[in-house]
Structure formats: structure tokens, C-alpha cells
Amino acid sequence: MSKSKGYAAPNAKTPLAPYAFERREPREHDVVIDIKYCGICHSDIHQTRDEWSEYQEESIFPMVPGHEVTGVVAAVGGKVTKYKVGDKVGVGVFVDSCRTCPECKRGLEQYCTVLTVWTYNARDAQGTPTYGGYSDKIVVDENYVLSIPDNLPLDACAPLLCAGITLYSPLKHWNAGPGKKVAIVGLGGLGHMGVKLAHALGAEVTVLSQSLKKQADGKRLGADHFYATSDPETFTKLKGHFDLIVNTVSAPLNWADYMNLLRTDGSMVIVGLPEKDIPVSAFALTAGRHSLAGSQVGGIRETQEMLDFCGKHGVASEIEVVPVQKINEAYERVLKSDVRYRFVIDMATL
Ligand code: NAP
Ligand code: ZN
Ligand code: ZN
């Protein structure tokens with residue numbers, strides 16, 4: 001075992017604080033990564049506060065969150081072929097899976113039917129708790145490490161590892177592209193990546209935000225239209241309008257109101273994960289043959305495809321870099337939708 005340091009939530013009620021722990025010694029196929037940056041995802045807040053307890057078997061404390069990790073390879077195991085010391089790499093939301101089930105074989109490791117090992121707040125195949133990227137280093141099997149394109153900076157690129165792929169995957173799966181009208185609900189960490197990626201894919205992009213406060217930003221990021229959901233007119237004006245709505249909101253919303261904005265055969269894809277169930281009427285589905293679907297991050301192959309796409313199109317995140325000591329303050333600002341548009345922790349401050 002080797003010593004590692006980071007920031008952890010001691011329990012669901014206490015702010016994050018410095019924490020010392022151990023990482024495994026690198027195995028033959030492991031890569032040891034010096035972490036340079038880690039994004040703050042809203043899922044980190046949900047999980048450190050144990051808000052998903054209804055949907056999860058257990059929460060593991062002390063919890064070192066962080067699954068938008070970028071850094072540089074510091075060492076490799078004897079049989080590693082994909083990476084060498086000095087390479088720019090990333091780690092996303094999971095660090096292992098069974099590798100043999102049909103989903104893993106299709107490159108959908110995030111839907112592994114045996115065991116997807118999440119980057120933190122999970123147990124690996126040996127039952128050992130996993131610790132995330134709010135730390136100085138991480139040890140990950142080379143097959144679950146991503147290569148960062150040379151032209152993307154490690155700080156602005158970190159949020160691609162969760163926010164980026166979480167939007168890229170459904171945009172691709174539901175064919176966002178030229179001639180398609182796509183709405184992104186919520187202009188936060190996920191939402192702003194949705195705007196950039198849908199725009200880069202050639203779709204006509206509309207932001208549905210609580211107010212018009214972020215309108216200028218939304219347009220600059222690539223949105224063609226911007227509406228406030230606090231204005232009831234928005235819901236009459238846009239009725240039957242969209243081919244695809246991607247809903248990134250972290251809090252309860254009346255989903256049926258948004259389904260009314262779909263055209264015939266349109267789909268609303270949920271990626272936001274509020275802590276409580278949301279009822280939807282059958283009529284919101286039957287009218288217009290609408291689909292309500294969900295999507296969870298993306299597989300390793302697709303994440304690499306997304307990173308390469310971002311490298312080619314010069315797409316990265318809009319970030320505010322913070323020292324590790326400001327994590328708890330950053331959490332409060334995320335909860336107030338006061339982030340433009342992702343906090344990224346500079347791990348050199350640890
Ligand atoms: P975030 O940065 O906080 O963004 C959420 C946005 O939702 C806010 O910026 C805000 O946008 C809007 N919003 C917040 N509260 C609202 C409310 N009460 N009513 C209406 N709109 C509200 O969070 P994030 O990191 O993007 O994550 C969003 C959600 O996705 C979280 O629940 C997270 O756990 C989940 N997530 C899911 C996956 C997946 O694989 N499915 C992956 C990562 C994260 P406006 O200011 O524009 O209104
Ligand atoms: Zn995330
Ligand atoms: Zn599997």
C-alpha cells in the first residue's frame with residue numbers, strides 16, 4: 001500500500017476536511033496518476049450528503065469524492081501497454097467493471113450487469129472501498145484510463161470526464177445533429193457541456209433555464225435560443241417544438257410540463273438525479289408518442305471518442321479553478337446555481 005492524501009467527508013453531516021488514506025500498490029496493468037485537477041460534480045454533493053440513500057445500498061464514509069480527474073502518469077505496472085510515464089490522462093466515473101458481460105463487451109461498462117466499480121463511494125471486486133479524485137494520486141487499471149488530447153488543457157478538460165460524456169452519450173444515442181431541435185434544461189456543469197456539444201454536433205440548441213440571468217453566456221456557448229422556465233409563456237410558446245430534451249436538473253421538476261414541449265415521437269432524456277421520485281402522467285407519454293428515457297455517463301470507448309471530438313473541435317469546459325481548501329464554499333455556490341460553469345480543484349494546493 002502507498003500513502004495518499006486528499007479531502008474527505010467524514011459523514012453525511014460534516015464538511016469535507018483533509019484526510020490521509022492508502023492506495024493499492026500498482027498491479028501489472030495499473031497506472032499511477034499524479035492528479036493535477038479534479039472537477040466538482042453535483043453528484044459529489046448528493047453523495048457526500050447521502051442524498052441517494054433510497055437508491056443505493058450503502059454510502060461509504062469517510063468519502064473522498066471526485067470523478068472528473070486529470071493528471072500525468074507517474075508510474076506504470078509491468079504489463080501496461082497503453083500509457084507511459086508523463087502521458088496526460090484522465091479518469092472518469094468508474095474504474096473497473098466485470099469485462100465479460102454483454103454490456104462490457106459492447107463498451108457499455110457503466111451498465112455492467114455484474115459490477116461497475118464507481119471511482120468513489122463504491123467497493124472494488126475485492127470489497128475494498130474506492131476513493132476519488134479530491135486527492136494527490138490514483139491507481140487505475142489502464143483499460144479504465146483515458147487519453148487527453150494534446151491541445152486540451154488539463155484544468156478545463158477535467159469536467160469532460162463526467163459532465164462532458166454524460167451529455168455526449170445521449171446526444172449521440174438520440175441523434176442530435178443538423179436539422180434537430182435540442183433543448184438543454186439547466187445551464188450548470190452538465191448543461192453547459194450539453195450546449196457546447198449539441199452545437200458542435202450541428203443541432204439547433206435551446207437552453208431552458210430558471211431565469212434569463214445566464215442568457216448572454218448561453219448564446220456565447222453556442223445556444224441559438226434561450227428561455228426562462230419561470231415565465232409560463234415559455235411553455236405555451238414552445239409546445240410541440242423539440243426532437244430531444246436533455247434534462248440536467250438536480251432538483252425535482254414537473255417533467256410532464258417539459259414533455260409537452262416535445263414534437264411527435266420526441267424524447268426527453270433524464271440525466272439529472274434528484275433525490276426523490278417524480279410522478280409522470282400517462283397522458284404526457286401517449287400524447288405525441290413521446291418517450292421518457294434516462295442515460296448514465298458513457299463507456300470507455302465512447303468517452304475516448306468524446307475526448308477526441310472535443311480535441312478536434314476545441315471544446316472544453318468553462319471553469320473556475322479553486323484551491324482545495326475552498327471545496328465546502330464551492331459546494332454551497334453550486335447549490336445556489338452560482339457557478340460559471342464548473343468548479344475545478346487545483347490539486348497543487350493540497
Ligand atoms: P449543477 O452544476 O448544479 O447544474 C444543475 C442546474 O440545474 C443548475 O445550474 C440550474 O440551472 C438547474 N437547477 C438547479 N436547481 C433547480 C431547480 N430547483 N429548479 C430548476 N432548475 C434547477 O449540477 P451538475 O453537476 O450539472 O449535475 C446535474 C445533475 O446531474 C445532478 O443531479 C447530478 O447528480 C446529475 N448527474 C448525472 C449523471 C448521469 O450519469 N446521469 C452524471 C453526472 C451528474 P439554471 O440556473 O440554468 O436554471
Ligand atoms: Zn459527475
Ligand atoms: Zn460487465
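E332 sits at 38% relative accessibility, so it counts as partly exposed. Keep in mind that this is a predicted model. The side chain of E332 pairs up with that of R49 in a salt bridge, at 3.1 Å from N to O. That pair ties together distant parts of the chain: R49 is in the loop between α1 (42-48) and β4 (69-76), while E332 belongs to helix α11 (residues 327-335), 283 residues apart. R49 is partly exposed too, with a relative accessible area of 29%.

The salt bridge count here comes to 18. Here are three of them, side by side.

| Pair | Closest N to O distance |
|---|---|
| R49 and E332 | 3.1 Å |
| R99 and D96 | 2.9 Å |
| D217 and R220 | 3.4 Å |

R99, from the second row, is partly exposed at 35% relative accessibility. As for the third row, D217 and R220 are about one helical turn from each other, because they are three residues apart in helix α6 (residues 215-221). R220 is exposed, with a relative accessible area of 53%. This pair doesn't stand alone, either: D217 and R220 are linked with K196, E318 and R340 in a network of salt bridges.

Now for a residue tucked out of reach. A198 lies in helix α5 (residues 189-200), and its relative accessibility is 0%, so it counts as buried. Leaving aside residues up to four places away in sequence, A198 touches L171, V182, A203 and V205. As for K172, 26 residues from A198 along the chain, the two C-alpha atoms are separated by 9.0 Å.

Note on methods. Residues numbered from 1 in each chain as written. Chains lettered and ligands numbered in written order. Predicted model: local features only at pLDDT ≥ 70, side-chain atom pairs only at ≥ 80, totals over all residues. Heavy atoms only, no water. Helix = DSSP H or I, 4+ residues; strand = E, 2+ residues; numbered from the N terminus. Buried < 20%, exposed > 50% of the residue type's maximum accessible area, 1.4 Å probe, protein only. Contact = heavy atoms within 4.5 Å. Salt bridge = Lys/Arg side-chain N within 4 Å of Asp/Glu carboxyl O.
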